[in-house]
Amino acid sequence: MESKLFTPYKLGPVTLRNRTIRSAAFENMCYGNKPSQDLFDYHTSVAKGGIGMTTIAYCAVNRSGVSFDGQLWMRPEIIPELKRLTDAIHAEGAKASIQLGHCGNMTHYYTCGCMPVGASSGFNMYSPTIHRKLGKDEIKGLVEDFGKAVDICRQAGFDCVEIHAGHGYLISQFLSPYTNRRKDEYGGSLDNRMRFMREVLAEVMKHAADDMAVVVKTNMYDGFKSGLQLPDCLTVAKEIEKCGVHGIVLSAGFVSKAPMAVMRGAMPLKTLAYYMNPWKFWWLKAGLAMVGRKLIPTVPFKEAYFLEDAKKFRAEIKCPLIYVGGLVSRKKIDEVLDSGFELVQMARALVHDPAFVNKMKEADENYRCGCKHSNYCIARMYTLEMRCHHCVDNLPQKLQKEIDKAESVVSD
């Protein structure tokens, strides 16, 4: 069968030169919540490396949705620098996408400037922080903020927006019974819990009009007993399809409850603690030392680890589906595309080598990138810019040993 990988694909109103997308893995390169030269250099290198479309990750629609100092929040003053970035991406032949969302309860007052909010009030152990329930007027305001953010994206030259409705962030917090204990029309039944998502997507589609593509990242399961399971998530995906979006990105996991379900492998805890500010995160460093592996257990890595579950969605969803999760080889990417998925997303392969797509094109069907899934890039990303360990000079010996051990036990 002839490979679809390097054939063009029309995603809504936008035509990609091939079937690859750099997924919205958080770069932590927007220091002071603004675009930086590091962000510019990284995404232009991925565009130059052959990607069909590259996605600027995890951008909050307003200040209350920010969970990192190195994360964008959408406002008019950042448009010129974003436009410089999208112009450069386009000049390399790629399309530019941006992920929009709101972190909900996964932040702190000193980061987002207010008490964290969520579908319900409570205490988030992951942050950890107390958070309060959003009022109905606030929900309406947030829906409007999603629309305003899309307008900013258009002015900044983006071709596509990706709405984050998974991984335990705000839309996902409304969807999941674990985080939504509301008694009003936004809580209770799954249909009620999908109300906020429906309102957001209606607003986004209205503002995207007919010249921007819209895709939605959603969970296939939350990854723990009291969260959403696959049948419920299939209902959610069908509801997203009804909203008229141009594509659905199928992921899984809840960052605050089952983080390794999202990315697989083992979190290098020594690396994670090493880069944390000892004064700002002393409590978290202490917790990692005592019970880190219990809180963040290892989930074995397998290439294309979401594929079998994603096929269950493919069987029932007509909307274009975008596969993400553990793609590091040409052979497996071809297998995914031949299984009926229109596009593929990847991140760690492109952190390891921004030219991965071009190298696949130049090599034979057995080409594989050199990423060995130590997850150093992810552990580092919580404090510094995301970067592969092979790009870091003078790596401390204890971290190198941890990386070597992780890479020696990774499965296929």
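Partly exposed, the class you will meet several times here, lies between buried, under 20% relative accessible area, and exposed, over 50%. Keep in mind that this is a predicted model.

Begin by selecting Lys136: its relative accessibility is 36%, so it counts as partly exposed. Now add Glu185, its salt-bridge partner, and find the closest N and O atoms 3.0 Å apart. This pair ties together distant parts of the chain, 49 residues apart: Lys136 sits in helix 4, while Glu185 is in the loop between helix 5 (170-175) and helix 6 (190-193). Glu185 is partly exposed too, at 31%.

Stay with helix 4 and colour residues 136-155. With 8 residues, this helix gives the most to the largest nonpolar core. That core has 122 residues, and Met74, Leu100 and Phe196 touch the most other members. Centre on Phe196 next; among the residues it touches are Ile139, Leu142, Val143 and Tyr186. A second core, separate from this one, has 13 residues, including Tyr9, Val14, Met53 and Ala213.

Next, move to helix 7 (residues 195-208) and pick Glu203 and Lys206, about one helical turn from each other. They form a salt bridge, with 3.5 Å between the closest N and O atoms. Is each end buried or exposed? Glu203 is buried at 15%, whereas Lys206 is exposed at 57%.

For another pair within one helix, go to helix 2 (residues 79-91), where Arg84 and Glu81 lie 3 residues apart. Their salt bridge has its closest N and O atoms 3.3 Å apart.

Finish by selecting Asp191, Arg198, Glu239 and Lys242, which a network of salt bridges links.

How values were computed:
Residues are numbered from 1 along each chain as its sequence is written. This is a predicted model: local features need pLDDT of at least 70, side-chain atom pairs count only at pLDDT 80 or more; totals for chains, interfaces and linings use all residues. Side-chain values use heavy atoms; hydrogens and water are left out. A nonpolar core is a set of buried Ala, Val, Leu, Ile, Met, Phe, Trp, Tyr and Cys residues joined through side-chain atoms within 4.5 Å. Buried means under 20% relative accessible area, exposed over 50%, partly exposed in between (1.4 Å probe, protein chains only). Helices (H or I, at least four residues) and strands (E, at least two) are DSSP runs, numbered from the N terminus. Contact means heavy atoms within 4.5 Å. A salt bridge is a side-chain nitrogen of Lys or Arg within 4 Å of a carboxyl oxygen of Asp or Glu. Lists of a residue's contacts leave out its neighbours within four places in sequence.
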